[in-house]
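Work through the exercises below with the model at hand. Each task is followed by its solution.

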Amino acid sequence: MIQQTLVLIKPDGVQRGLVGRIIQRFEDVGLKMVGMKMVWVDTEKSKTHYSDHVTKTFYKSLEEFITCGPVVALVIEGVQAVEVVRKIVGPTEPRTAPPGTIRGDFAHMGASFSNKRGIAVKNLIHASGTAEEAEKEINIWFDRIEMHSYNVVYQIHSMG
Ligand code: ATP
Ligand code: MG
């Protein structure tokens with residue numbers, strides 16, 4: 001089942017110069033980027049994207065974090081891409097995210113540390129959690145004209 005999913009490299013990933021290394025992880029497994037752009041999120045877009053979280057205690061800090069610099073937005077396509085991308089990204093908290101995942105390899109701080117300081121969990125990346133979430137989020141972030149259909153040729157295990 002071929003799916004598309006939304007990934008954001010958050011401001012900490014951009015500011016730390018990790019964009020290339022993060023994208024490499026998805027390319028390495030043969031996933032295909034079909035949309036890519038840099039966006040400086042405003043508070044309105046933050047509320048739209050994180051509509052499920054606006055009432056949560058950590059929302060203010062999350063909004064401050066996601067609007068503090070540009071993000072790189074990607075639409076990634078592949079077989080069961082929603083689940084596979086979340087596996088590569090790892091669990092929310094870098095403290096407990098296993099080695100080998102993006103959050104486990106490039107960050108380490110836990111939620112309790114962030115909560116005490118009133119800052120968001122800086123975990124480098126967002127990835128849609130479900131197919132429904134992916135469809136909703138891709139619509140928020142990308143126009144059809146910004147997404148591309150093409151064949152990849154560089155890896156034996158890639159999709160056509
Ligand atoms: P994302 O939606 O960004 O991919 P996620 O699905 O793993 O992450 P969510 O529960 O959707 O986690 O939370 C969204 C984001 O809010 C997290 O990525 C993190 O930056 C921040 N966040 C989540 N829980 C907390 C918390 N307890 N304290 C502070 N920030 C948090
Ligand atoms: Mg989420």
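**Exercise 1.** Find which side-chain atoms make polar contacts (pairs of N or O atoms within 3.5 Å) with ligand 1.

Step 1. In this predicted model, an N or O atom in the side chain of Lys10 is 2.8 Å from an oxygen atom of ligand 1.
Step 2. For His126, a polar side-chain atom is 2.9 Å from an oxygen atom of ligand 1.
Step 3. For Tyr50, the distance from a polar side-chain atom to an oxygen atom of ligand 1 is 3.3 Å.

Residues are numbered from 1 along each chain as written, and chains are lettered from A and ligands numbered from 1 in written order. Local features need pLDDT of at least 70, side-chain atom pairs count only at pLDDT 80 or more, totals for chains, interfaces and linings use all residues, and side-chain values use heavy atoms, without hydrogens and water.

**Exercise 2.** Describe the shell around ligand 1 (residues with a heavy atom within 4 Å).

Step 1. The shell holds 15 residues, and Lys10, His53, Thr92, Asn115 and Asn123 are the closest.
Step 2. By class it has 7 nonpolar (Ala, Val, Leu, Ile, Met, Phe, Trp, Tyr, Cys, Pro), 3 charged (Asp, Glu, Lys, Arg) and 5 polar residues (the others, Gly among them).
Step 3. Strand 4, residues 125-127, contributes the most, 3 residues; strands are DSSP runs of E with at least two residues, and helices are runs of H or I with at least four, numbered from the N terminus.

**Exercise 3.** Give the order of elements in the chain.

Step 1. Count 8 helices and 4 strands.
Step 2. From the N terminus, write β-α-α-β-α-α-β-α-α-α-β-α.

Technical notes:
A residue is near a molecule or strand if one of its heavy atoms lies within 4 Å of it. A polar contact is a pair of N or O atoms within 3.5 Å; within protein, one must be able to donate a hydrogen and the other to accept it, and residues adjacent in sequence count only if both atoms are side-chain atoms.
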